Amino acid sequence: MKRNAPLTDGFFLSEARPQYRLRGNIKRRSAAAIARCLMAVVLMLSCMGLPTLTKRFGATAQAQSEKPVLEQESAASETASKLSPDLYGLLDKSVNAREADADSSPRMVDVIIQTSSRPSKRFLRALSKKGGFLLSGYDNVDAVAAHVPLDQVRELASQPDVNYLSLDRPTEAMGHIETTTGANLARNYGTLLTGPIDGTGVGIAILDSGMYANHDSLSGQVAYQRDFTGEGRVDDPYGHGTFVASVAAGSNSMNGGAYNGVAPAARIINLRVLNSLGQGRSSDAIAGIDWCISNKAIFNIRVINLSLGAIAVDSYVNDPLCLAVRRAVNAGMVVCVAAGNSGKDPDGNKIYGGVHSPGIEPSAITVGAANTFGTDVRSDDVVTTYSSCGPTRGYYTDANGVKHYDNLIKPNLVAPGNKVIGAMWQSSWLVTTYPNLDAHVASKTSKKMMYLSGTSVASPMVAGAAALLIERNPSLTPNLVKALLEYTAQPLNGFNNLEQGAGLLNVEGAVRLAASVKPSLLGLILGSSLLTGVTPTHSTTICLQSFPWGGGIIQKWNFIYGGDLFTKYQGIYGSGVLLSDGVLLSNGMLLSNGTLLSSGTLLSSGTLVSNGTLLANGTLFMLGTILADGVILADGVLLADGVLLSDCVLPSNTGQSALANGDTGACMQP
């Protein structure tokens, strides 16, 4: 459902409902007349020197103030226990708001008040006295829906016949993106401070082709806009950035919220680095990343999304775009990057080694695309045919003229990216060139939606997921966010690590595990307890189908697994190192880095073809030592060296075909 402010800020569409006082104007005037008569009597008694109501009430108030402190604290605790966590969280925010603006009018909220029996007339009178409005009552439920001043909520909860107060939360149909990724389930893992987990307060920088900021999906969420292309505009004539932003953080009321993004209350920063034709330069992207590093604290930028790429030529050690990404990660930001749409050649033959820069950067979360066939269930999900596969093929040339390839396992995971519906700018190049992209869900410009496919669609889903993890546990480092997403991912049956990384994005599992991680990592050393309590169940249920978490973390040439990965703190979770630094190559063997990994972690021998269960339960696809060699590669595995592959972001060849058409089969329904 479209919200102009996050749910945790207490804004509800029902504030626009008709409001009815419990008493009519005639009865209110009668009550006022009676009050004036009583006041006259009190004044007469006072003049006669007789005990007055005022004195008696004053004595009562004095007696109340003299109650033991423990008794008062107990009463306050009992009152707090009658309030739902999200409503209780609003009260603290309300206090701060009143202190900041003493002249502001009382804030009204919609609540459901549960009573011990049928709501009595006495209770209804008390509700009216507190400035409340009755919205509805029920025949078979001991409760009322009411519109009340937020500052009177505690007083209402203290009434003896009140059992519980909760926010009258909007009910909405969950969209395909939220449901199939588990983001809708993750909303429930909030606290008193966070409220529902929807990305509130977390900044996501979208470095793309600009945005149509007045689209209903983005209205009110774009906190800052800047152009780095030299065209002097921040809108979206190409039509790509608007879509990408809506997938990460869009909030849309159409069709009951069917097109919500993963983090619909996150703060969006629009940094335009692609021009009117969807083309750009690495220097523009670097300038955008540099701006994020400088302004991280101002907008709380914790996530950067790059649904763009250039041909991978240089090793990540030398690639300037990769180095800029590394600086951003070291500054505390999670960077999500599209893997590219170069998974097959024009004849449909599979290609390995087509991951683009900066997706080749080890510190980035590189995202491939999955095909959900438009269903919320995950049992039919596969990796798309066009999603770029690893290993990475950036290289350097030694003094003897020999090329040494990085050969890192990428992508890190996959997310839905085939024929997904997102926000559309009707005058954009994409829609005017490919009119079939219009999803035809609305006629109003600000509500139009479109289909797109590609890893550039999948990447912002992971960016939104990262924002949810950070909202739930702000202490998480970029490495730990990446580890949580990989560890809880679902390996897809029949696909290897070079195609899917750790598996399919599982937002529910990642947020639930993040909630168990200690709220502060300060002082933790290798082997320290990482969790606050019992280890969460390592499985997730979505649409009545359960699946196990993969339970592994991708390294450079293999992956690691084992129970200690998330029961104990690992050195690779810290800052200034790579998550993939846990495995070393020594004398032709892959060895655990004992300074960064505890003894309870295990190493795979290389990349595996998954059987759809645990990451470690597959069959060998390629030895990690072969990948680590950097020169010798198995015959027939790599069909491209990264130099001859076209850039999928540019409107050309297989990349553009994937963007407009995707894989064949069913799609997300409008």
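Is Cys-389 buried or exposed? Cys-389 is buried, with a relative accessible area of 1%. The model examined here is predicted. Cys-543, in contrast, is partly exposed, at a relative accessible area of 34%. The structure contains zero disulfides.

Strand 10 spans residues 365-371 and is mostly covered. Seven of its seven residues are buried. Ile-365, Val-367, Ala-369 and Asn-371 point one way from the strand. Thr-366, Gly-368 and Ala-370 point the other way. Residues of both sets are buried.

Strand 10 pairs with several strands. Strand 9 (residues 334-338) runs parallel to strand 10 and is joined to it by three bridges. Within strand 9 and strand 10, Cys-336 stands opposite Ile-365. Strand 14 (residues 413-416) also runs parallel to strand 10, with four bridges between them. Here Val-367 has Leu-413 of strand 14 as its bridge partner. Strand 11 (residues 382-383) pairs with strand 10 in the antiparallel sense, over two bridges. In that pairing, Ala-370 is matched with Val-383 of strand 11.

A further sheet is open and holds three strands in the order 19-20-23, with antiparallel pairing. Strand 19 (552-554) and strand 23 (602-603) stand at its edges, each with a single partner strand, so one side of each lacks a neighbour in the sheet. Strand 20 (residues 559-561) is joined to strand 23 by two bridges, and the two run antiparallel. Ile-560 has Leu-603 of strand 23 as its bridge partner.

Internal voids were also examined. The count is four cavities of 30 Å³ or more. The second largest cavity has a volume of about 60 Å³. Its lining draws on Pro-362, Leu-408, Ile-409, Lys-410 and Asn-412, together with Lys-482, Ile-554, Gln-555, Lys-556 and Ser-580. By class, the lining residues divide into four nonpolar, three polar and three charged. Ile-554, one of the lining residues, falls within strand 19 (552-554) of the open sheet.

The structure holds 13 salt bridges. One of them joins Arg-187 and Glu-178, with the closest N and O atoms 2.7 Å apart. Both Arg-187 and Glu-178 are buried.

Another salt bridge links Arg-272 to Asp-227, with the closest N and O atoms 3.1 Å apart. Arg-272 lies in strand 7 (residues 267-272) and Asp-227 in strand 6 (residues 222-227), so the pair ties together parts that are 45 residues apart in sequence. Arg-272 has a relative accessibility of 0% and counts as buried. Asp-227 has a relative accessible area of 18%; because the cut-off for buried is under 20%, Asp-227 is also buried.

Lys-448 and Asp-438 form a salt bridge through their side chains, at 4.0 Å from N to O. Both residues lie in the loop between helix 12 (429-433) and strand 16 (449-452), 10 residues apart. Lys-448 is buried, as is Asp-438. Salt bridges with shared partners also join Asp-227, Glu-231 and Arg-272 into one network.

Notes: Residues are numbered from 1 along each chain as its sequence is written. This is a predicted model: local features need pLDDT of at least 70, side-chain atom pairs count only at pLDDT 80 or more; totals for chains, interfaces and linings use all residues. Side-chain values use heavy atoms; hydrogens and water are left out. A disulfide is a pair of cysteine sulfur atoms within 2.5 Å. Buried means under 20% relative accessible area, exposed over 50%, partly exposed in between (1.4 Å probe, protein chains only). Two strands pair if DSSP finds at least two bridges between them. On a 1 Å grid over the protein atoms alone, a cavity is a set of points where a 1.4 Å probe fits but cannot get out, and a pocket is an open set with protein on both sides within 12 Å along at least five of seven lines; lining residues have an atom within 4 Å of a point. Grid points are joined across faces, edges and corners, and a volume is the space filled by probe spheres set on the points. Ala, Val, Leu, Ile, Met, Phe, Trp, Tyr, Cys and Pro count as nonpolar, Asp, Glu, Lys and Arg as charged, and the others, Gly among them, as polar.
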